[in-house]
Amino acid sequence: MTKSRSPFDDYLTTLKETSKDGDNAEYMTESTYLAVNFDCFKNGYDSNKFCGFRSNDALLIPPDCNNKFVFVEFKNGRIENITSMTEIVEKIYESLFVFNDVKEE
């Protein structure tokens, strides 16, 4: 029996790769745990439908997790003000719209 393809398959990478801070040429984690590069996924999924939406850096789909998923947003530095925290919450919210659209297919 062949496993069916997931819409996320083409965007699988490691958590380390999704954590790369290109401005500072460093990684936020060394984890080799499998993750979906959710920024790339969102951009490739339906660019017209989700135009202007922001997304989290990664989506973890742990094995044997009973359909529990984890969004990850990497920040290099401290989150010191309410504006930064609000932007993170908005990214989560917008990522959920994209994720739910995929899961409904």
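Is C51 buried or exposed? C51 counts as exposed, because its relative accessibility is 62%. The legends below describe close-up views of a predicted model.

**View 1. Two cysteines, C40 and C51, stay apart.**
The structure has zero disulfides. C51 takes part in none, and the nearest cysteine sulfur, in C40, lies 17 Å away. Why is there no bond from C40 to C51? Their sulfurs are 17 Å apart, which is too far; a disulfide needs them within 2.5 Å. C40 is partly exposed, at 39% relative accessible area. C51 is exposed, at 62%.

**View 2. An open sheet is built from four strands.**
The strand order is β1-β4-β5-β6, and the pairing is antiparallel. Which strands form the edges? They are β1 (12–14) and β6, each of which pairs on one side only. From one strand to the next, the twist averages 40°. Three bridges join β1 and β4 in the antiparallel sense. T13 has A35 of β4 as its bridge partner. Helix α2 packs on this sheet and touches β4, β5 and β6. The directions of α2 and β4 make an angle of about 40°.

**View 3. Ten residues make up the largest nonpolar core.**
The members are F8, V36, F38, F41, Y45, F50, L59, V98, F99 and V102. Helices α2 (38–45) and α3 (82–104) each supply at least two of these residues. Another core, of six residues, lies apart from this one. Its members include L15, A35, A58 and L60.

**View 4. F8 and its contacts beyond the sequence neighbours.**
Which residues does F8 touch, once neighbours within four places in sequence are set aside? The contacts are V36, F38, F41, L59, I61, F99 and V102. F8 itself belongs to the largest nonpolar core.

**View 5. S95 is buried in the model.**
S95 sits in helix α3. Its relative accessible area is 0%, so S95 counts as buried. Leaving out residues up to four places away in sequence, S95 touches F38, R54, S55, N56 and F71. One of these contacts, F38, is part of the largest nonpolar core. Another, R54, reappears in View 7, in a salt bridge with E90.

**View 6. E30 and K16 form a salt bridge.**
How many salt bridges does the structure hold? There are eight. Side chains of opposite charge can pair when their charged atoms come close. In the pair shown here, the closest N and O atoms of E30 and K16 are 3.1 Å apart. The bridge links distant parts of the chain, 14 residues apart. E30 is in the loop between β3 (26–27) and β4 (34–37), while K16 is in helix α1 (residues 15–18). E30 is exposed, with a relative accessible area of 56%. K16 is partly exposed, at 22%.

**View 7. E90 and R54 join a helix to a loop.**
The two side chains meet in a salt bridge, at 2.9 Å from N to O. E90 lies in helix α3, and R54 lies in the loop between α2 and β5 (58–60). The pair therefore ties together parts that are 36 residues apart in sequence. E90 is partly exposed, with 33% relative accessible area. R54 is also partly exposed, at 30%.

**View 8. K91 and E73 form a salt bridge between buried residues.**
The closest N and O atoms of K91 and E73 are 2.9 Å apart. K91 is in helix α3, and E73 is in the loop between β6 (70–72) and α3. These distant parts of the chain are 18 residues apart. Are K91 and E73 buried or exposed? K91 is buried, because its relative accessible area is 18%, under the 20% cut-off. E73 is buried too, at 19%.

**View 9. R5, D9 and D10 are linked by salt bridges.**
The three residues form a network. Which residues take part alongside R5? They are D9 and D10.

Technical notes:
Residues numbered from 1 in each chain as written. Predicted model: local features only at pLDDT ≥ 70, side-chain atom pairs only at ≥ 80, totals over all residues. Heavy atoms only, no water. Core = buried A, V, L, I, M, F, W, Y, C linked by side-chain atoms within 4.5 Å. Buried < 20%, exposed > 50% of the residue type's maximum accessible area, 1.4 Å probe, protein only. Helix = DSSP H or I, 4+ residues; strand = E, 2+ residues; numbered from the N terminus. Contact = heavy atoms within 4.5 Å. Salt bridge = Lys/Arg side-chain N within 4 Å of Asp/Glu carboxyl O. Pairing = 2+ DSSP bridges. Axes fitted to C-alpha atoms, helices over the stretch in contact; angles between N-to-C directions.
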